[in-house]
Amino acid sequence: MSGENYRFDPMSAKTLADPGAAYSELRERCPFHHYKGEHYEFYITSDYEEIKRDILADNPAWSFKYGNAAKDTISEVGFKTDPPFHMAFRAAMQPGLLPKAVMRYEREAETIAGELIDRMLEKGCGDFHDEFALPLPAQMMCVMLGTKRSDYLHYKHWADELQLQLFHDPTPGSFEVILGQILPHFRGLIAERRKLLEASAAEPSPQLLGNVLPDDYISRSLVAKVEGRPLTEEEILNVCLAFLTGGQETTTGLIGNLMWRLLQAPERWEQLKADPSLIESAVEESLRYDPPVLAHFRTSLCPVTMHGEQLPERTKLMFNITGANRDPKRFADAESFRIDRPLAEARAHLSFGNGVHFCMGAPVARMEAKVAMRLLIERLPKLRLDGQPERFESWMHWGKTKLPVRWD
């Protein structure tokens, strides 16, 4: 192991202030690091190729079923499983994210983004996070799950609290308390759709979507089959939780981070306005340079040897997305944020993962960010910073909770 005397703390003030620089330094000085903290102990790998090839490409030694945090989280069900069942479960849920479905969601995103900008235009300044970056993905999550858009702040509160307990409270099972509020709510929504099914006396099938059942992901979970059987109640709840958390935080961070980088150097904003064809590259460059989730975890199912180290079964391994996304062996001028970076190169980032657990919601997140940038350029061309931003108080996530801007 290189860098034996190098000390790295993902929760230190230095790392929290500038994770990009801190995780790049970790990659260069100690690409395989053994972290021993007050509450957690885990290994960290930072090499792009090793992460993509040896960790994420269906390596049976590294499991997702123990969760994506430094402690074991929730249970082995639904998306939180390993192949081959995981692939069958993904296939059951995938139809709702095929191109035709994403086109429908794009129209919804345009409507929501337009309404948000309408409200912004009634003022001259505000917090971009609260005015736009948060409500667009949060309301889109409601649309996709089939819940009331007006309740988006309530769902956001639940998502934030669950993430806090999963990633930041080292106490085993601390998330059970907030799940005690969340799960009964979703069970109620599931029960309402079951009554619609029973009243129709129809055999559950995707043909009922938009007819007997609303076309949303709770309904899709009720009519889907995995390995020839209907989903269990716990599997349907897992789908709800996946949308509750994954459908909001990452996209909020993406939109906020991208706008911050564009306005931080106003010439970038001017460049994007002058050439909107760069929007897609700008979105991918933001995902590469400022990943909304700084790192992910896997857990070993057997003893593993890495870089000469003997890792026992149930070892936690963090893979350093942030450092890998700036690996100079993979990305030219890796430490620079460039909205004109070639699209194929920018899209090679690992912010949505890779392999069997590649984020299913990636097409929707990308679509929302592109819709956002297009409409903001068209309708709020005078956007500019109006104060100092504040970051998420999280060692696992990177984004702004405050981004003061003006647009008058």
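Helix 8 makes the largest contribution to the lining of the largest pocket, giving four residues. Bear in mind from the start that this is a predicted model.

**The open pocket**

Helix 8 spans residues 152-167, and along with helix 6 (128-133) and strand 13 (400-402) it is one of the elements that each put at least two residues into the lining of the largest pocket. The pocket has a volume of about 390 Å³. Its lining runs to 15 residues, and if you want to find the middle, look for Asp160, Glu249, Phe392, Glu393 and Thr401, which lie nearest the centre. Sorted by class, the lining holds seven charged, six polar and two nonpolar residues.

**The closed spaces**

Rolling a probe the size of a water molecule over the atoms shows where empty space is left. Searching the whole structure turns up two cavities of 30 Å³ or more. The largest cavity holds about 1200 Å³ of space. Its lining counts 45 residues, with Phe64, Ala242, Thr245, Gly246 and Cys359 nearest the centre. Several elements give two or more residues to that lining: helix 4, helix 8, helix 11 (233-246), helix 12 (249-264), strand 7 (296-300) and helix 17 (362-379). Which of them gives the most? That would be helix 11, with six residues.

The second largest cavity has a lining that includes Asp18, Pro19 and Gly20, as well as Arg261, Tyr289, Asp290 and Trp398. Here are the two cavities, with volumes and lining classes:

| Cavity | Volume | Nonpolar lining residues | Polar lining residues | Charged lining residues |
|---|---|---|---|---|
| Largest cavity | about 1200 Å³ | 23 residues | 17 residues | five residues |
| Second largest cavity | about 40 Å³ | five residues | two residues | four residues |

**Rings and charges**

Now for the aromatics. The whole structure contains 17 aromatic pairs. In one of them, Phe79 and Phe89 meet edge-to-face, with 5.0 Å between centres and 90 degrees between the planes. This pair links distant parts of the chain: Phe79 belongs to the loop between strand 3 (62-63) and helix 4 (85-93), whereas Phe89 sits in helix 4, ten residues apart. Are these two residues buried or exposed? Both Phe79 and Phe89 are buried.

Phe89 also pairs with Phe85, this time in a tilted arrangement at 6.1 Å centre to centre and 35 degrees between the planes. Phe85 and Phe89 are four residues apart in helix 4, about one turn of the helix. Why does Phe89 count as buried? Because its relative accessible area is 0%, and the cut-off for buried is under 20%.

Elsewhere, ring pairs join Tyr35, Tyr40, Phe42, Phe297 and Trp395 into a cluster. Charges meet rings too. Phe64 has Lys80 over its face, 5.4 Å from the ring centre. Likewise, the charged end of Arg288 sits over the ring of Phe331, at 5.3 Å from its centre.

**A small piece of sheet**

Strands of a sheet pair through backbone hydrogen bonds, either parallel or antiparallel. In this model, three strands make an open sheet with the order 4-14-11, and their pairing is antiparallel. Strand 4 (125-127) and strand 11 (384-385) are at the edges with a single partner strand each, so each has one side without a neighbour in the sheet. Three bridges connect strand 4 to strand 14 (residues 404-406). If you want a spot to look at, find Gly126, which stands opposite Val405 in strand 14.

Note on methods. Residues numbered from 1 in each chain as written. Predicted model: local features only at pLDDT ≥ 70, side-chain atom pairs only at ≥ 80, totals over all residues. Heavy atoms only, no water. Phe/Tyr/Trp six-rings, centres within 6.5 Å; stacked < 30°, edge-to-face > 60°. Buried < 20%, exposed > 50% of the residue type's maximum accessible area, 1.4 Å probe, protein only. Lys NZ or Arg CZ within 6 Å of the ring centre and 35° of its normal. 1 Å grid on protein atoms, 1.4 Å probe; cavity = no way out; pocket = protein on both sides within 12 Å on 5 of 7 lines; lining within 4 Å. Points joined across faces, edges and corners; volume = space filled by probe spheres on them. Nonpolar A, V, L, I, M, F, W, Y, C, P; charged D, E, K, R; others polar. Pairing = 2+ DSSP bridges.
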